[in-house]
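Me: Please take me slowly through one part of this protein, and explain each term when it comes up. I would like to see how that part connects with what lies around it.

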Amino acid sequence: MPFDLNPSSAERLLEYFKARCGDVLSLTRALVETESPSGDLEGSRAVADLLARAALETGAVTSLERTPAPDAYGEHLRFRAFDGEGSAAERTLLILGHTDTVHPLGSLSERPWRESDGKIFAPGVFDMKASCAVAVEALRACVEQGMRPGRPVVVLLTCDEETGSMSGRALVEEEARRAEYVLVLEPPAPDGSVKTKRKGTGLFSLRAEGRAAHAGLEPEKGVSAVLEMARQIERLHALSDASLGTTVNVGVVCGGTRSNVVAAEARAEIDVRFGTLEEARRLEREIKGSVPFDSRAKLSVSGGINRPPFERTASVGALYEHARGLASLLGFELGEASVGGASDGNFAAACGAAVLDGLGIEGDGAHAAHEHIKAESIVPRAALLAALIASL
Ligand SMILES: [Zn+2]
């Protein structure tokens, strides 16, 4: 029987986290003071050490696994909890996060841990080291508050999310396929809303090849790759469809050598976002099938769809409603948001699990110099995560 939150157990859970808040903060501080930019093996291992130790101390964890990413990129950390007593065959609850940050080594000495006005500033604190600490603390709460989850819990913290999950993706998919529910610790929307829909993303590169010629003496012998690309850019942007949330953006263009030479070559980098797989397929077909306006020019396309869309299915909606009910027992309103940015939640959703994303601590400035969390958000968000783990 999964745990059922009621007004008095909600009150006890909030009291519990108020008492544990100092411990959550000291683990968070230890994590951010161990810098772990994507690709930094030493930092990645050191952060995994801290989290592994804290996880083992909760009394919830039954096994722990560290998987090195190829090319000494870092270490993925995975641990299992509450999976004894014949529950191993059931579908799991997966908690998904990452230990890498976008902040290069040395960011910490420029912008050390600082508390001011109820905000805590530090590189990587919001995306998402405070939330990693909260995930561990939520497991501890389940043990110490006697809220035993109804299904096995898996916590997967990858080390390469910020650079596209090149090796973490396979682990995310492996665990998501076994999961009934996936809770993603990414930052929430600015008003604290969780994310029930994320666009998918793709990245393409288009190259146009023309023929160089003297722009003054014999322009007719030339084929301008720049002109060809200009026409292509108009066509590419027109593939956008605001009614479906599909966007196409040519964000980088380069080409040509000198103003008095007809350009022999041009290149464009294209970012695409879409809400459905159908739209992803349409974009891929249209971009890969690009035909030159000037038949003397040649086009070549590389790249493709990167992350599938995370769609708000009925099971996602039901999971959100469940979380909203728990939040209201815990004394706050939990909104939902749909966003253009993708996360590892997209990979999990494509495996068929019900995904709720943006469950991290509230704050602002992810990836920026003013990155911070709101201290007052720790207790309610930690309580919500613990209640979700215990009740799903
Ligand atoms: Zn993140």
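Reply: Let's start with one pair of residues: the bridge partner of Leu-96 in strand S6 is Leu-156. What you see is a predicted model, in which local features need pLDDT of at least 70 and side-chain atom pairs pLDDT 80 or more, while totals for chains, interfaces and linings use all residues. Residues are numbered from 1 along each chain as its sequence is written, and side-chain values use heavy atoms, without hydrogens or water.

First, the names. Helices (DSSP runs of H or I, at least four residues) and strands (runs of E, at least two) are numbered from the N terminus. The chain has 10 helices and 18 strands. Its C-alpha atoms fill a box of roughly 85 × 45 × 40 Å along the principal axes.

Now look at the strands beside S6, which covers residues 153-158. Two strands pair if DSSP finds at least two bridges between them. S3 and S6 run parallel and are joined by 6 bridges. Strand S2 (residues 74-81) is joined to S6 by 5 bridges, and these two run antiparallel. Leu-156 turns up here again, as the bridge partner of Arg-78.

How enclosed is S6? Its residues are buried (under 20% relative accessible area with a 1.4 Å probe, protein chains only; over 50% is exposed, in between partly exposed), 6 of the 6, so S6 is largely enclosed by the rest of the structure. In a regular strand, side chains alternate between the two faces of the sheet. In S6, Val-153, Val-155 and Leu-157 point one way, while Val-154, Leu-156 and Thr-158 point the other way, and all are buried. For the whole chain of 392 residues, 53% count as buried.

Next, follow S3 to the zinc ion. His-98 lies in S3 (residues 92-98), and its NE2 atom is one of the zinc donors. Donors are N, O and S atoms within 2.8 Å of the metal (3.2 Å for Na, K and Ca), and since water is not among the atoms, sites may look incomplete. Alongside His-98, the protein donors are an OD atom of Asp-127 and two OE atoms of Glu-186, at 1.9 to 2.6 Å from the zinc ion. Along the sequence, the donor residues follow the spacing H-x28-D-x58-E. Because His-98 is in S3 and Asp-127 is in helix H4, this pair ties together parts that are 29 residues apart in sequence.

What shape do the donors make? Four count as tetrahedral if all angles lie between 85 and 135 degrees; four count as square planar and six as octahedral if opposite donors are over 155 degrees apart and all others between 65 and 115, and anything else is irregular. The 4 donor atoms here subtend angles of 51 to 140 degrees, so the arrangement is irregular. His-98 counts as buried because its relative accessibility is 1%, and Asp-127 is buried too, at 5%.

There is also some empty space to explore. On a 1 Å grid over the protein atoms alone, a cavity is a set of points where a 1.4 Å probe fits but cannot get out; a pocket is an open set with protein on both sides within 12 Å along at least five of seven lines; lining residues have an atom within 4 Å of a point. Points are joined across faces, edges and corners, and the volume is what probe spheres on them fill.

The structure holds 2 cavities of 30 Å³ or more, and the second largest has about 40 Å³ of space. Its lining includes Leu-96, Gly-97, His-98, Met-128, Glu-161 and Glu-186. S3 and helix H9 (344-350) each give two or more residues to this lining, and S3 has the largest share, with 3 residues. By class, the lining has 3 nonpolar, 4 polar and 3 charged residues.

Finally, turn to the largest pocket, with about 450 Å³ of space. It is lined by 21 residues, and the closest to its centre are Glu-161, Arg-307, Gly-341, Ala-342 and Ser-343. Helix H4 (125-144) is among the elements that supply at least two residues of this lining. Glu-161 and Ser-343 also line the second largest cavity, and Asp-127 of H4 is where we met the zinc ion.

How values were computed
Nonpolar A, V, L, I, M, F, W, Y, C, P; charged D, E, K, R; others polar.
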